[in-house]
There are 2 protein chains.
Amino acid sequence: MKDATLIIYNANEVCTLDNGGQGLRTGAAMDNLNVIEKGAIALVEDVIVGVGTTEEILDSFRAETQIDGTGTVLMPGFVDPHTHVVFAGSREHEFEMRLRGESYMEIAAAGGGIRSSMRATRAASVTQLIEESIPRLNRMLAWGTTTIEAKSGYGLELETELRQLEAIRELHKQHEIDLVPTFLGAHEIPDEYRDHVDEYVRIVIEEMIPAVVERGLAAYCDVFCEAGVFNIDQSRAILQAAKAAGLKVRLHADEFVDLGGAMLAAELQAISADHLLAISDEGIQAMQEAGVIATLLPGTTFSLGKKEYAPARKMIDAGLPIALATDCNPGSCYTESMQIIIALACTQMRMTPAEAITASTLNAAHALELGDHIGSLSVGKQADIVVFDMPSYRTLPYHFGVNHVRFVIKRGEVITV
Amino acid sequence: MKDATLIIYNANEVCTLDNGGQGLRTGAAMDNLNVIEKGAIALVEDVIVGVGTTEEILDSFRAETQIDGTGTVLMPGFVDPHTHVVFAGSREHEFEMRLRGESYMEIAAAGGGIRSSMRATRAASVTQLIEESIPRLNRMLAWGTTTIEAKSGYGLELETELRQLEAIRELHKQHEIDLVPTFLGAHEIPDEYRDHVDEYVRIVIEEMIPAVVERGLAAYCDVFCEAGVFNIDQSRAILQAAKAAGLKVRLHADEFVDLGGAMLAAELQAISADHLLAISDEGIQAMQEAGVIATLLPGTTFSLGKKEYAPARKMIDAGLPIALATDCNPGSCYTESMQIIIALACTQMRMTPAEAITASTLNAAHALELGDHIGSLSVGKQADIVVFDMPSYRTLPYHFGVNHVRFVIKRGEVITV
């Protein structure tokens, strides 16, 4: 008998996402969670030391704390690889204006859009940004998310971009959730550069990226590559500069218009290209060949009231690896819940429950290059686990709009939510 | 100073839904929640005795328990006027089959559909039905719902229909939530009557309705009037018999096909006609003239992955009163949350936040003929109140997929959820 610190046994299902390997999954492999029925898991502090049937685990391990998992489903903590969760202010009035049929331009003219969050964020101190963001991180954790990516991009000037990234670094230290920081200085064109965008691009490249890299504040650089925001050449210039400075790259691509963002992601060997509602068949093929992950954000399509989602089925059939994320932000998609994202992925993009969960755990971990460390319930990995009160993993999208989490384990620590 | 038992003061917004009257709302009146900013409310036991600004209430009332409502929004408890929440078993496998493109007929051939829940419900005792339903009622309460309608319809034979209605009566007694019972023996055609539907209709009329009425087990009679289920003539016969026996009527109408269900609802002066995705313009006009409420169930459209929702805007423009409901059931829409229904109503049917909340409170109360008693925060009404942790009522659909409830008050009792 080996000693463990915690055992959970008798779970209806342990969704391991481990078939002997834990690599990024594509095609049919996304549709298999490698479920162990009547399963159990053993931890030593923050490390998974055993996963198997209840019989196997109880025969091999003993622990002071043994939790009866009857009626539960265990899976890896959700990884949310695309968020703008650190911001100030909120924009519920703009949401209502959109419902009343006002156009983006009218909303912008009334002070709305990313610039509205920019003004609130520019006015906020690091402390305020942290205080406003903690309830959101608490909600993410309560809904089963244990690791996220978080972007800057509401500063659009050096000082505020740095403050936002400092808030992300501080939240990573203070909060149970792990935050992976992304610099997104090119999130929108600030008003003062609307007539000379290239000058803003120069500032991002020559002033912001070096300052961010010097302070070690970001792992990734991202660009909102879209009609009316940054075009392909501007996006390429920024991302090439970021790579040269030592950042990895990811990008907002082909959300509304097929500008060729997916092709650019392939060309630059980005880790991930995100949104992709308007992606071309060539874009899918190029990303597949270059090994770029497609991170899909169905909550945004939903909250904007649009009918056409990213072509997930076509992407899966083409062998493109898919991750899912909330896009949590104060404008187009304000939700912290990966559970509602999974429901959207299934009902609106026709992903199967297993595919959607793979995309929210193992593939999402790979989208942050953390696939060796988290994203599956594998011996040796960090103990980031969600314990759901439900009969089957299929319950997540089927029984929607409520919270199925019984408790969360982050780095081996049980967190009652 | 008058004595109260409980005061909540300093709420960001108190959404009273009271403009001097509390009648059913149509047209532009649905778009106004009669909000009091920096509002307060005073209760004596289970009755609202004062609603006004914080200054007004604190000048007029004192109470031993005074709760600081800073950062909250108060509104009437949600009323959910269409649910099938009392059932046995679950159907997550069928949900997955549907995502994989299997047809209704294939799913039925594999034992799925309403008949699957029927088999599980027929096999369950009243006690089992109560035990399986309590967690769902708890979830409803935790998400802000204080009164619901609950239908039979998974028995499709006399004994089980009666057991289901007995479970509803017992849950009404035991649980904080008030349940209004509806007899829905004509929910589906049981296999044994597939080739002689009229014989089943005869049993509903001659055996079931009298037994239900004799035991006082239902306030309403409902029929699933739809192609492949009960046609217009059969629906009319059942509902006329129900009216003759003293039940009020409501019906599932024009969900998939425009059979003329809305016209039938108007003809019979039903309290409500529900679903209505395929309603004709004539149906809208007939319902409007007859004063029938349109109860819309956008969660069902969403969970079935359909793109076209009921034409809420057209109905509102035509002066038709709209209520919203979850349709909570184990097949086509398994959710207990009126919060996600409000998000769906706004983003998918283009209702405004105020319209969706009116449809989930005051109009929903009228859809159960309880508009004089609940559904608004009015002096003299029962103290069924939700206290939300959010800046504005607009937050409900804007910041979606999570639970904004801080606590619920049911009949004056504070329930921490």
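Reader: Which residue of chain A forms a salt bridge with Asp31(B)?

Author: Happy to start there, and please keep in mind that this is a predicted model. Across the interface of chain A and chain B, four salt bridges are found. In the one that involves Asp31(B), the closest N and O atoms are 2.9 Å apart, inside the 4 Å cut-off. The partner on chain A is Arg100(A).

Reader: Which three residues supply 20% of the area that chain A buries against chain B?

Author: Let's begin with the whole contact, which takes 48 residues from chain A and 48 residues from chain B. The area buried between the two chains is about 4300 Å², and carbon and sulfur atoms give 59% of that. On the side of chain A, the three residues that supply more than any other three are Phe302(A), Tyr398(A) and Phe400(A).

Reader: Why is one side of β6 and of β13 of chain A left without a neighbour in the sheet?

Author: Good one! Eight strands of chain A form an open sheet with parallel pairing, in the order β6-β7-β8-β9-β10-β11-β12-β13. β6 (78-80) and β13 (322-324) of chain A therefore have one side free, because each stands at an edge with a single partner strand.

Reader: Within that sheet, which residue of β8(A) is the bridge partner of Glu149(A)?

Author: Strand β7 (residues 145-151) of chain A runs parallel to strand β8 (residues 178-186) of chain A, and five bridges join the two. For Glu149(A), the bridge partner in β8(A) is Val180(A).

Reader: And at what angle to β9(A) does helix α8 of chain A run?

Author: Helix α8 (residues 232-244) lies across β8, β9 (220-225) and β10 (248-253) of chain A. Relative to β9(A), helix α8 of chain A runs at about 175°.

Technical notes. Residues numbered from 1 in each chain as written. Chains lettered and ligands numbered in written order. Predicted model: local features only at pLDDT ≥ 70, side-chain atom pairs only at ≥ 80, totals over all residues. Heavy atoms only, no water. Contact = heavy atoms within 4.5 Å. Buried area = accessible area lost by both parts, 1.4 Å probe. Salt bridge = Lys/Arg side-chain N within 4 Å of Asp/Glu carboxyl O. Pairing = 2+ DSSP bridges. Helix = DSSP H or I, 4+ residues; strand = E, 2+ residues; numbered from the N terminus. Axes fitted to C-alpha atoms, helices over the stretch in contact; angles between N-to-C directions.
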